[in-house]
Amino acid sequence: MTRLRQSEGLIVPPGGGTTIRTAAQQVTFKVTGEHSRVASSFEVVVPPGFDVGAHRHAHSEELFYVLDGELDVLAFEPRVLTGDWRHWESPSGLKAVRATPGTVIVVPSGCPHAFANRSDGPATVFFQASPPSDHERYFEELLGILKDGGPPDPEAIAELRLRYDIEQLTPLRHDARAVL
């Protein structure tokens, strides 16, 4: 894909975009910071057992739309930031929920959020970050760290996330189904 001219839009056909794959995740870049000043958009295939870990962004907001499969999701400030995020509760009583196809999750900047696939099949999510914060480069570097399929290097993940406006609250896990 190339930078857009002011008078032209971008049409990404089904299956279009640049895809990067590892044993841990598959990400297809649909719209990047090269194409839009407002948002970057991706299609993410989340394999069984993947837990992105609870985190927050100081400067960007995100939108997730579940296309296929199921994910446990969280999008609120918890009373206490300890333990497994799936057991957190907000001061108003919100808890993590199971998101199924058609579910939309909107995450304002500064709001803790997380998703995990505890099912036996993959989940597909349309993901949008606004403003585009070089998320494509973040995904490229993250998938580079995860490419071998073994346990992720926590120090490498922490350093990467700090560079991309991500405050990690709980660890990223490659096979989180065993964690209750």
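Start the tour at valine 104: leaving aside neighbours within four places in sequence, valine 104 is in contact with Leu63, Phe64 and Tyr65. The model on screen is a predicted one.

Valine 104 lies in strand E8. At 45% relative accessibility, valine 104 counts as partly exposed. For a sense of distance, add threonine 18: threonine 18 and valine 104 are 86 residues apart in sequence and, C-alpha to C-alpha, 24 Å apart in space.

**Strand E5 and its two partners**

Next, select residues 104–107, which form strand E8, together with strand E5; the two run antiparallel and are joined by 4 bridges. Within this pairing, tyrosine 65 stands opposite valine 104.

Keep E5 (residues 61–68) selected and add strand E10 (residues 123–130). In which sense do E5 and E10 pair? The sense is antiparallel, and the pairing extends over 7 bridges. To find the register here, pick leucine 63, which stands opposite glutamine 128 in E10.

**Threonine 124**

Stay in strand E10 and select threonine 124. Is threonine 124 buried or exposed? Its relative accessible area is 15%, under the 20% cut-off, so threonine 124 counts as buried. Show its surroundings, again without residues up to four places away in sequence: threonine 124 touches Glu43, Val44 and Val45, and also Tyr65, Val66, Leu67 and Asp68.

**Valine 44**

One of those contacts of threonine 124 is Val44, so named in strand E3. Valine 44 has a relative accessible area of 5% and is buried. Which residues does valine 44 touch, not counting those up to four places away in sequence? They are Gln25, Gln26, Val27, Ala123, Thr124, Val125, Phe127 and Phe139. For another distance, select leucine 160: valine 44 and leucine 160 are 116 residues apart in sequence and 19 Å apart in space, C-alpha to C-alpha.

**The nonpolar cores**

Now select Val46, Phe50, Phe115 and Phe139, the residues with the most contacts inside the largest nonpolar core, which has 31 residues. Strands E2 (26–31), E3 (40–46), E5, E6 (71–75), E8 and E10, along with helices H1 and H2, each supply at least two residues of this core. Which element gives the most? H1 does, with 5 residues. In soluble globular proteins, nonpolar side chains tend to be buried together.

Zoom in on valine 46. Beyond residues up to four places away in sequence, valine 46 touches Leu71, Phe115, Asn117, Pro122, Ala123 and Val125. Another core, of 7 residues, lies apart from the largest one; to find this other core, select Leu74, Phe76, Trp85 and Trp88, which are among its members.

**The helix pair**

Finish with helix H1 (residues 135–146) and helix H2 (residues 154–163). Their axes come within 11 Å and cross at roughly 180°. That angle is over 145 degrees, which means that H1 is roughly antiparallel to H2. To display the contact, select Tyr138, Glu141, Leu142, Ile145 and Leu146 on H1, then Ala156, Ile157, Leu160, Arg161 and Arg163 on H2. Colour the selection by residue class: the contact of H1 with H2 has 7 nonpolar and 3 charged residues, and no polar ones.

Definitions and conventions:
Residues numbered from 1 in each chain as written. Predicted model: local features only at pLDDT ≥ 70, side-chain atom pairs only at ≥ 80, totals over all residues. Heavy atoms only, no water. Axes fitted to C-alpha atoms, helices over the stretch in contact; angles between N-to-C directions. Parallel < 35°, antiparallel > 145°, perpendicular 65-115°, else oblique. Contact = heavy atoms within 4.5 Å. Nonpolar A, V, L, I, M, F, W, Y, C, P; charged D, E, K, R; others polar. Pairing = 2+ DSSP bridges. Buried < 20%, exposed > 50% of the residue type's maximum accessible area, 1.4 Å probe, protein only. Core = buried A, V, L, I, M, F, W, Y, C linked by side-chain atoms within 4.5 Å.
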